[in-house]
Amino acid sequence: MLRPRFRRRTIGFAIVTLTLVGATGCTPGDPVDRTPGTPMSASSAVKVVTAGPSRDVEPVTLRFPLLADGNIDGWAAGTLGSAPGVSERVPGPTTYWFDAVVDAGSDRVMAWADEYHAEPVPAPDSVAAELRDLVPAGDFVGGPHLDDVFSSGEWRATVFLSPSTGRVVVLGIDD
């Protein structure tokens, strides 16, 4: 049997402990952003290369059939992730990317630009580092209609046309 003095101390200690735990454990933390949206965009995430650079035709035409008649300058593919050295074990689905630079010919590029109402756009800034040397210097055109034509149910494309060189730079994200 506990002595009354020891029992009072034990009860008092328990009350103080529960009060402190309750007061600090119920303090709200920082708010969590619950806004739905794309988890990472191609321009803000690090592109981790898992395939390429290569000049094989099939991977390009499988994803972007309109480029079947072009000459492949190069392509690279991978996942959007964190910088090297940072844990890549992140829960959730993986977002895949596929970038390609293709010589489709000036006539075809000009026809696509006219048909799909392409307008001047900035040069592509999120091309995989392995392909940057293949991206031609100069002006580019693009736009939502052109992107829609190159996109499929599986791949969302952002297309940059270089009318002066006949090059197509396509940045694909696996939806």
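1. Start with Asp 99 in this predicted model. Its side chain reaches the backbone nitrogen of Ala 128 at 2.9 Å. Asp 99 has its place in strand β3, which covers residues 96–103. Is Asp 99 buried or exposed? With a relative accessibility of 1%, Asp 99 counts as buried, because the cut-off for that word is under 20%. Leaving out residues up to four places away in sequence, Asp 99 touches a whole list of others, including Lys 47, Gly 74, Trp 75, Ser 126, Ala 128, Leu 131 and Gly 172. Try showing Asp 99 and Ala 128 together to find the 2.9 Å approach on your screen.

2. Now step back to the whole chain. The protein chain has four helices and seven strands. Read from the N terminus, the order of these elements is α-β-α-β-β-α-β-β-α-β-β. Of the 175 residues in the chain, 34% are buried. The accessible surface comes to about 11,400 Å², and carbon and sulfur atoms account for 56% of that surface. Contacts also say something about the fold: among those between residues at least 6 apart in sequence, 64% join residues at least 24 apart.

3. Next, the nonpolar cores. How many residues does the largest nonpolar core have? There are 24, and the ones with the most contacts inside this core are Leu 67, Trp 112 and Leu 161. At least two residues of the core come from each of β2 (71–81), β3, α3 (106–115), α4 (144–150), β6 (155–162) and β7 (167–174). Strand β6 gives the largest share, four residues. Another core, of 13 residues, lies apart from this one; Leu 80, Trp 97, Val 101 and Phe 160 are among its members. Back in the largest core, Leu 161 is a good residue to click on. Setting aside neighbours within four places in sequence, Leu 161 is in contact with residues including Val 109, Trp 112, Ala 113, Phe 140, Leu 146 and Val 168.

4. Strand β6 deserves its own point. Why can β6 be called largely enclosed by the rest of the structure? Six of its eight residues are buried, so the description fits. Strands β6 and β7 run antiparallel and are joined by eight bridges. As one example of the pairing, Trp 155 stands opposite Asp 174 in β7. The two strands form a hairpin with four residues between them, and Gly 166 in the turn has a positive phi of about 75°.

5. On to the aromatic rings, of which the structure holds five pairs. In one of these pairs, Phe 64 and Phe 98 have ring centres 6.2 Å apart and planes at 50°, so this pair is tilted. Phe 64 lies in the loop between α2 (58–63) and β2, while Phe 98 lies in strand β3, so the pair ties together parts that are 34 residues apart in sequence. Both partners are hidden from the surface probe's view in the sense used here: Phe 64 is buried at 0% relative accessible area, and Phe 98 is buried at 1%. Another pair, Phe 140 with Phe 160, is edge-to-face, with 6.4 Å from centre to centre and 90° between the planes. Phe 140 is in strand β5 (residues 140–142) and Phe 160 in β6, so this pair ties together parts 20 residues apart in sequence. Phe 140 and Phe 160 are buried too. Finally, ring pairs link Phe 64, Trp 75, Phe 98 and Trp 155 into a cluster.

6. Two loop residues round off the note. Where is His 117 found? His 117 sits in the loop between α3 and β4 (119–121). Its phi is positive, about 55°, although His 117 is not a glycine. His 117 counts as exposed because its relative accessibility is 55%, and the cut-off for exposed is over 50%. Gly 153 has its place in the loop between α4 and β6. With 80% relative accessibility, Gly 153 also counts as exposed. Measure along the sequence and Gly 153 is 21 residues from Asp 174; in space, the two are 9.0 Å apart, C-alpha to C-alpha.

Notes:
Residues are numbered from 1 along each chain as its sequence is written. This is a predicted model: local features need pLDDT of at least 70, side-chain atom pairs count only at pLDDT 80 or more; totals for chains, interfaces and linings use all residues. Side-chain values use heavy atoms; hydrogens and water are left out. Buried means under 20% relative accessible area, exposed over 50%, partly exposed in between (1.4 Å probe, protein chains only). A polar contact is a pair of N or O atoms within 3.5 Å; within protein, one must be able to donate a hydrogen and the other to accept it, and residues adjacent in sequence count only if both atoms are side-chain atoms. Contact means heavy atoms within 4.5 Å. A nonpolar core is a set of buried Ala, Val, Leu, Ile, Met, Phe, Trp, Tyr and Cys residues joined through side-chain atoms within 4.5 Å. Accessible areas come from the Shrake-Rupley method with a 1.4 Å probe; for residues, only the protein chains shown count as cover. Two strands pair if DSSP finds at least two bridges between them. Rings of Phe, Tyr and Trp (its six-membered ring) pair if their centres lie within 6.5 Å; planes under 30 degrees apart count as stacked, over 60 as edge-to-face and the rest as tilted.
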